[in-house]
Structure formats: structure tokens, C-alpha cells
Amino acid sequence: MKHLSEYRDAHLVHAIAAEIRKTVTRPWVLMEICGGQTHAIMRYGLDQLLPPEIELVHGPGCPVCVTSLELIDKSLAIASQPGVIFTSYGDMLRVPGSHRDLFSVRAAGGDVRVVYSPLDAIQIAQKNPDKQVVFFAIGFETTAPANAMSVLQAHSLGLENFSVLVSHVRVPPAMHAILSSPQNRVQGFLAAGHVCAVMGYWEYPPIAKKYAVPVVVTGFEPVDILQGILMTVRLLENGQVSVENAYKRTVTFEGNQPAQGVINQVFMECDRKWRGIGMIPASGWCLRPEYAAFDAEQRFQVNQIQPAESPICIAGQILQGLKKPDQCPAFGGECTPQNPLGATMVSSEGACAAYYRYRAGLQV
Amino acid sequence: MKEESITIQGPVCPVPLGHNEKIVMGHGSGGKMSQDLIARMFLPPFDNEALRAGDDAGVVQPNLCTQLAISTDSHVVWPLFFAGGDIGRLAVCGTVNDVAMMGAIPRYLTAGFILEEGLDLGVLERVVTSMQKATAEANVQIIAGDTKVVQRGKADGLYINTSGVGVVTPGVEIGGALAQPGDVVILSGTLGDHGIAVLEARGELGFESGIQSDVAPLNHMIAAMLEASEHIHVLRDPTRGGLATSLNEIAQQSQVNILIHEASIPVHPSVAAACEMLGFDPLYVANEGKLIAIVGKESAEAALEAMQKDEYGKEAAIIGEVKSAPAGRVLLKTTLGSTRIVDVLAGEMLPRIC
Amino acid sequence: MCLGVPGKIVEIYENSGLQMGKIDFGGVTREACLAYVPEAKVGDYTLIHVGFALNLISEEEAQETLDLLRQISDLDQELGQENSTAPQASAAVLDQKTDE
């Protein structure tokens with residue numbers, strides 16, 4: 001497949017890995033802040049190709065994992081109401097709330113449907129005028145343009161039976177939170193390539209400067225990831241603090257202007273709770289007052305939610321890159337993809353699920 | 001961005017969800033949840049040797065000279081018709097294949113129909129015609145049947161159950177527990193065709209691919225393989241849960257390690273593209289006209305040749321080998337040369353969003 | 001967090017006031033919204049995420065990156081993995097301009 005297979009070329013991958021080995025002279029801790037990248041690293045065993053000096057830690061780049069427990073519980077409450085068609089992206093269905101997940105709601109009679117695109121949810125609303133269609137609008141900046149467009153479409157089509165439950169999170173505040181933590185070990189960042197396809201990377205230079213940490217915009221295929229790592233290591237070895245782009249075929253400095261325009265039109269910054277981390281100020285996007293009519297939280301009055309937190313799993317520390325999945329005492333025992341304790345094990349790109357699927361007990 | 005530092009709370013985590021009270025769709029996915037349900041709910045009360053073996057069909061010996069392989073399958077696929085097949089063909093081939101996977105010649109099928117009130121008779125006729133064609137191709141007969149009608153809304157138009165029985169060819173012993181270190185793993189053709197074809201026919205994910213289901217009776221190919229090789233140890237058709245789940249089951253049953261090579265696994269480019277787009281892994285997508293053969297090294301080539309001569313095995317390929325450790329696990333050597341674990345499908349396969 | 005898959009635009013049309021396209025992913029096609037790539041033409045490659053084109057993929061940049069990487073690969077082959085002069089050469093080819 002064009003623009004895909006070339007970046008899986010074994011020959012190229014090994015050459016870059018060899019170059020990384022040659023460049024490294026001391027240990028470095030790098031964080032990749034994108035679940036899709038974690039997934040690719042695990043799926044291709046890329047960390048097996050790196051020199052031992054390089055430690056990859058996995059950041060909170062899985063929007064499914066960081067959606068707050070409160071919001072999951074709200075989604076379950078809304079989905080359980082009669083006359084509601086609750087639409088969602090695929091892997092949200094198995095994320096555990098305080099007591100159940102969307103699958104259980106479906107089992108109990110709720111109309112819960114997986115959609116591939118938010119525009120599919122709009123079509124469902126058009127075809128079912130007598131039902132209330134709610135779309136679970138989660139995601140990082142990558143998904144925001146699509147989610148925002150669904151609100152604009154609902155508005156322009158005059159759909160009164162469509163609303164969105166918003167749980168957008170932004171990467172830069174998360175990076176601030178991680179890098180400013182006294183326990184931070186991260187020395188270099190692989191920035192999420194598709195977030196940057198939308199937002200560009202103009203937000204990162206101040207962060208890189210403030211924390212003296214180089215940031216390299218990185219893609220998702222094996223060649224892309226290794227190239228990102230190579231560039232980051234090179235900067236670290238040279239003591240250079242800068243922001244560079246290893247994903248130039250898709251990412252520009254300014255990013256996608258029309259997309260940013262629509263995001264700003266529909267959303268505004270707000271505080272958001274990250275599951276496993278807590279409240280990070282200005283780290284989320286919420287609907288602007290002009291579009292409040294489409295806010296499912298207001299339409300459905302689900303305000304009496306008491307999320308039940310119980311500190312069994314260490315998903316929080318894993319999301320911050322402080323621990324690896326296999327350092328969790330529950331990993332692979334009580335907590336498996338079939339019986340997840342935390343969202344990082346449920347989401348197909350959560351660090352724990354990626355680890356379990358690809359590495360659990362592997363001794364090769 | 002405010003300048004105050006952020007206090008990071010401790011870990012948070014919800015109560016584990018075991019889905020122990022109600023059936024959810026994941027229980028039907030063919031993966032771990034299905035396995036757990038069977039182990040917990042069905043095996044203990046019905047316990048016997050044939051059932052415990054956990055193979056595609058139960059093998060019993062009613063008298064000294066005869067070993068029978070008996071299997072049952074219920075077909076609830078929706079939609080009823082999809083590119084390359086339909087529920088009728090599926091119902092016949094699924095059971096024919098399960099019986100044949102034990103090294104038995106399938107001879108007789110039963111067919112039970114659950115019809116939804118309001119089902120168009122023309123639709124039923126199309127399904128039955130397809131079943132007739134499939135039985136002729138497989139050279140089996142439907143010798144008993146049943147029909148029930150349920151109220152509108154209680155079945156997706158039509159459900160079919162088929163049971164099948166065949167006589168195990170004397171001298172042939174095939175079963176999931178018989179894989180041995182040193183054996184060769186052969187796959188009869190491309191992965192994922194059926195699962196993607198059905199997903200496309202459902203229309204919910206909005207893609208077009210022209211991929212056809214591979215649903216087919218494999219008993220003739222198996223007969224040819226048994227002629228060519230005396231060392232066929234395991235045969236299994238990777239249906240729900242895909243290749244990954246079936247190989248894991250075999251690795252568990254035989255307590256061996258199976259290593260497969262990503263570069264050798266045949267996948268149709270359109271299936272690969274559909275999986276990329278949705279975030280699926282072809283290793284987990286259902287197949288209805290493919291088999292895995294685990295064959296002793298000495299006659300693996302002969303078995304492979306026999307497969308490639310059959311119309312349903314033209315793309316057969318050796319995809320891996322059986323080792324002794326780590327036992328019970330399936331490993332995959334990636335195209336990059338690294339190695340990773342291949343686990344069973346957890347619950348329902350969901351399109352990845354990000 | 002971003003399952004973005006590259007695909008080729010094979011048709012462009014309008015639907016419900018939005019610019020839409022038929023995208024070919026290499027044997028599989030699906031509709032996607034092109035509202036965020038107004039300059040898109042039939043034949044362009046684009047990155048698709050949840051049914052939306054996020055950006056056009058630059059053929060030029062892609063080729064440039066691959067060429068640079070292949071140079072490392074060739075250099076590696078010629079000089080062997082232990083040669084310490086190689087990093088200098090490839091450092092030059094890989095340094096991308098910083099924009100800050």
C-alpha cells in the first residue's frame with residue numbers, strides 16, 4: 001500500500017536501528033505520547049531493535065484510557081435511557097465504568113451502536129427522528145475536527161435529536177503535567193504525528209525550552225518511529241533542545257488551518273480530568289456556549305454521578321510513564337484484556353493491552 | 001497555560017468487570033470469553049471424554065470397528081446473503097468441515113430451521129437452493145430436519161442449526177492434542193476473506209471491497225491430504241476468532257509452542273487494506289473455507305502439494321513450525337525479524353478509532 | 001492515538017453541504033469528508049482518520065525522507081556497522097531545519 005509499505009521495509013528499519021546504536025553513548029529515557037505509537041512499537045517489537053541504553057516509556061496518549069471515570073459513568077447513564085441511540089467509536093464499548101461498561105448496557109436493552117465516523121452518527125439521527133441520538137465525542141486533537149464537524153452538521157441540518165458527549169483532551173497540557181512532575185524521568189519526547197497533522201507543532205517550542213527537553217514529531221510506521229527516535233537521540237547526544245519534524249510528508253509547522261478554524265469555532269479550552277492523572281487545567285475542549293444546545297450532558301441532566309474510585313491498578317502511574325505495565329502486580333493475573341481492571345488494559349492501544357497482547361511472559 | 005504546578009493524583013481504577021451475570025456479544029466472538037463461557041457453563045454438567053478433548057467434532061467409538069465424528073453448528077449470520085455465500089452454504093460447509101477436521105468422511109447432516117414470522121418464502125427458497133448445491137458439492141445428504149417459527153423480531157429472519165456425522169477413516173488419528181515439536185504448520189489459503197465480506201455486507205462501516213467470503217466444503221481436499229501424508233496430526237478450521245485463536249487452542253491442547261512467520265501468511269491485499277482502515281488484525285478475522293494443518297516434517301511437502309492441487313487450497317503455504325517451549329504459547333516472527341506473542345481474541349473485535 | 005491511514009482520492013462530490021470524496025485504500029474504498037483539505041484533487045493521497053481527510057500527503061516530502069533514509073542504509077552497507085566515520089555523514093543528511 002502506497003505511503004504505508006515503504007515505511008515497513010525491514011532493510012531500512014534495521015539500518016536506522018544500527019544508526020541509533022552507533023549514535024548512543026549513554027542512557028536516555030524517551031516518551032511516546034500516542035497510543036497508536038505504543039501499539040506499533042509492541043506489534044513490530046521495535047524496542048527489541050533498540051540498544052539497551054534507550055528506554056521507551058509510554059505516555060497518556062490513549063484518549064480511551066484517559067476519559068474520566070465520571071464521564072464514562074455519564075455515558076452509561078445516558079445510554080441506558082429509553083429512546084436513546086448511543087453511538088460511539090469502537091473501543092469505548094469495553095472501557096469499564098464504576099460498575100459496568102457499554103456492552104452491559106447493550107445487554108440490558110440499551111441501543112448502543114459502534115460508528116466508524118461521527119458523520120455516521122449524524123446519518124443515524126436523520127434516519128431516526130423519533131429517537132435521541134447521542135455521540136460520544138472523545139479523542140485528542142486528531143479527532144476534534146471530525147467531532148466538531150458533526151456538531152456543525154447537526155446545526156446546519158437543523159437536527160434537534162442529536163447531541164454530543166464531549167471528552168476531548170489536549171496534548172501540550174499533558175506534556176507540561178508530566179515534565180513538571182518531580183518524579184519525571186522523561187528526557188526526550190516523540191510527539192504524536194497525527195495530532196500534529198491537525199495542530200502543527202507550533203505549540204511545542206515553548207515546552208521544549210521550558211523543560212529543556214527535545215521534541216520530535218513522529219509518525220506511526222516502523223521506519224517513522226525509528227527515525228523519530230534517531231533524531232531525538234541525536235539531539236540529546238548533542239545537548240540540543242529543539243523541536244524537529246520526522247513526519248514531514250504529513251505534518252507542517254502550522255498544521256491544518258481549516259481544521260483548527262472549525263475546532264476553535266465549536267470548542268473552547270476547559271479544565272479536564274484525566275483518568276489516572278487527575279485534573280489538568282485547560283487540558284480539554286468543551287462545546288462553546290453557542291453550541292450548548294448540542295451538549296448531551298445538559299440535555300440529559302446526568303449530574304448525580306458518583307464515580308467509585310478504587311486504587312487497585314496502577315494505570316495512573318503507567319499513563320504518566322512512571323511504571324511499565326509488567327511492573328504492575330495485577331498485570332496478566334487479575335488484570336488481563338478479558339478482565340480489565342483499568343482502561344489501559346481495555347483499549348486496544350492502551351499500554352497495558354499492547355504489552356499483554358505482545359509481550360506477556362515472553363522470554364525470547 | 002497557567003503557571004501553577006499540577007498535583008498529580010494517585011492511581012485510579014474501577015472495579016473489575018467479569019460479565020458474569022448477563023450474556024454479552026463478546027461471549028459469541030469465538031475468543032477467550034466464549035472459551036470461558038463453555039468451560040464454566042457447559043463442560044462441567046455435560047462432562048465426558050469426547051467433549052473434554054475440545055476439538056471441532058466429538059469423536060466416539062460406539063463399537064469396535066467404527067469411530068464416528070459428530071459435530072453441530074448453529075448459524076446466525078446477518079445479513080443472510082453476502083458476497084461469495086449465504087447462511088445456507090455456511091450451514092452446510094461449517095458442519096461438513098468440522099467433521100472432516102477429525103479425519104472423518106462426512107456423510108449425513110441434519111438441518112433445523114428457526115424461521116422468523118414474516119420471512120419471505122422466496123428468501124427461504126434461495127437459502128435452501130444454496131444448501132442443496134453445497135450438499136451436492138460436498139457429497140453429503142441431509143437426512144433429518146426440523147422447522148420452527150418464532151414471532152417477528154425474535155430471529156434475524158432465519159437461524160439454521162446443522163449437525164453432521166462421519167466415519168473416521170480407519171488408521172487416521174487427528175486431534176488438537178496431537179501436535180508435536182518439529183511439526184510443520186500449513187495454512188490452506190488467504191486469511192480474513194469471510195469476516196471482511198460479512199462486515200461489508202452489513203453496511204455499518206460503509207466500505208466497499210469486492211472481497212468474497214471463502215465459505216467452502218474442504219472434505220475433498222482433506223481426503224487428498226490424507227492420501228498424500230500419514231503424518232497429519234492436527235486439522236482445524238480457523239472460524240470465529242481467526243487463525244490466532246485456533247493456533248492458541250492447539251498450542252494449549254498439545255502443550256507445545258507454535259511459531260509462525262508473518263512474511264509467509266497469505267492475506268489478500270484488499271483484506272489487508274480493509275483491516276488497516278478499520279484497525280483490525282487479519283490474524284483474528286473469521287474464515288469459513290480455510291484450514292490449518294499441522295503435519296509431521298517427513299510428509300509436509302506432500303501434504304502441501306495435495307492442498308495446492310485442490311481448488312480451495314491453491315494458495316496454501318507453510319507458515320510456521322511447532323516447538324516445545326514456551327509451551328501453550330503462539331509466537332510470531334514479524335517481517336522485521338522481531339518476535340512477539342499472538343494471544344487469543346479477547347472479546348468482540350472492535351474497529352479501532354485512533 | 002491516531003489510526004490515520006493513507007488513501008488515494010478517486011472521486012470528489014458534495015453531500016449535505018460537505019465536500020466528500022471516495023477514497024481508495026488499495027482495493028478497499030470508503031467515503032470520507034474532504035472539508036479540511038479544500039485544495040484536494042482527484043489523484044491526491046490523503047490521511048484518513050474516522051472518515052475525515054486530515055491532510056494531503058506530500059509526495060515530495062515522502063520521497064525526500066525515503067531518499068535520506070536510504071542513504072543511511074546504503075552507507076551502512078558500504079562501510080559496515082562498526083565504522084565510526086559514518087555518523088558524521090549521515091548527521092548532515094538527517095538534520096532537518098528547526099523552525100523555531
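What follows is a chat about how some labels used for this predicted model are earned.

User: Before we start, what are the ground rules here?

Analyst: It's a predicted model, where local features need pLDDT of at least 70, side-chain atom pairs count only at pLDDT 80 or more, and totals for chains, interfaces and linings use all residues. Residues are numbered from 1 along each chain as its sequence is written, while chains are lettered from A and ligands numbered from 1 in the order in which they are written.

User: Why is helix H4 of chain A called mostly covered?

Analyst: A residue counts as buried if 20 or more other C-beta atoms lie within 10 Å of its own, as exposed if 12 or fewer do, and as partly exposed in between, with C-beta atoms placed from the backbone. In H4(A), residues 69-79, nine of the eleven residues pass as buried. Among them are A:Leu69, A:Leu71, A:Ile72, A:Asp73 and A:Lys74. The cover includes strand E3 (84-88), helix H5 (102-107) and helix H13 (296-300) of chain A.

User: How do you know what counts as a helix or a strand in chain A?

Analyst: They're DSSP runs, numbered from the N terminus: helices are H or I with at least four residues, strands are E with at least two. On that basis chain A has 16 helices and eleven strands. Chain B has nine helices and 15 strands. As for burial, 63% of the 364 residues in chain A are buried, and in chain B it's 52% of 354.

User: What makes E4 and E10 of chain A edge strands?

Analyst: Pairing needs at least two bridges between two strands, as DSSP finds them. The open sheet runs E4-E3-E5-E6-E11-E10 in chain A, with mixed pairing. E4 and strand E10 (267-274) each have a single partner strand, so one side of each is left without a neighbour in the sheet. Neighbouring strands here are turned by 25° against each other on average, direction ignored.

User: And how do you know that E6 and E11 of chain A pair?

Analyst: E6(A) and strand E11 (residues 278-287) have two bridges between them, in the antiparallel sense. The requirement is at least two, so they count as a pair. A:His168 stands opposite A:Trp285 in E11(A). Helix H7 (residues 144-156) of chain A packs on this sheet, touching E5, E6, E10 and E11, and its direction makes about 155° with that of E6(A). Such angles run from 0 to 180 degrees between N-to-C directions, and the axes are lines fitted to C-alpha atoms, for helices over the stretch in contact.

User: What makes E8 and E9 of chain A a parallel pair?

Analyst: Strand E8 (residues 215-218) and E9(A) pair in the parallel sense over three bridges, with A:Val215 opposite A:Val243. They sit in an open five-stranded sheet ordered E2-E1-E7-E8-E9, with parallel pairing. Its edge strands, E2 (54-58) and E9 (243-245), each pair on one side only.

User: Why is the size of chain B said to agree with a compact globule?

Analyst: The rule is 2.2 Å times the number of residues to the power 0.38, with the radius of gyration taken over C-alpha atoms. For 354 residues that gives a value near 20 Å, and chain B has 21 Å, so the two agree. Its C-alpha trace spans about 80 × 55 × 45 Å along the principal axes.

User: How do you know that the two domains of chain B touch?

Analyst: Contact means that C-beta atoms, placed from the backbone, lie within 7 Å. The domain bounds, from an automatic or database assignment, are 55-168 for domain 1 and 176-342 for domain 2. The contact takes 22 residues from domain 1 and 23 residues from domain 2. On the domain 1 side, H3(B) gives the most, with seven residues.

User: What makes up the side of chain C that touches chain A?

Analyst: 42 residues of chain C are in contact with 54 residues of chain A. H1(C) gives the most to the chain C side, nine residues. By class, that side has 23 nonpolar, 14 polar and five charged residues. Nonpolar covers Ala, Val, Leu, Ile, Met, Phe, Trp, Tyr, Cys and Pro; charged covers Asp, Glu, Lys and Arg; the others, Gly among them, are polar.
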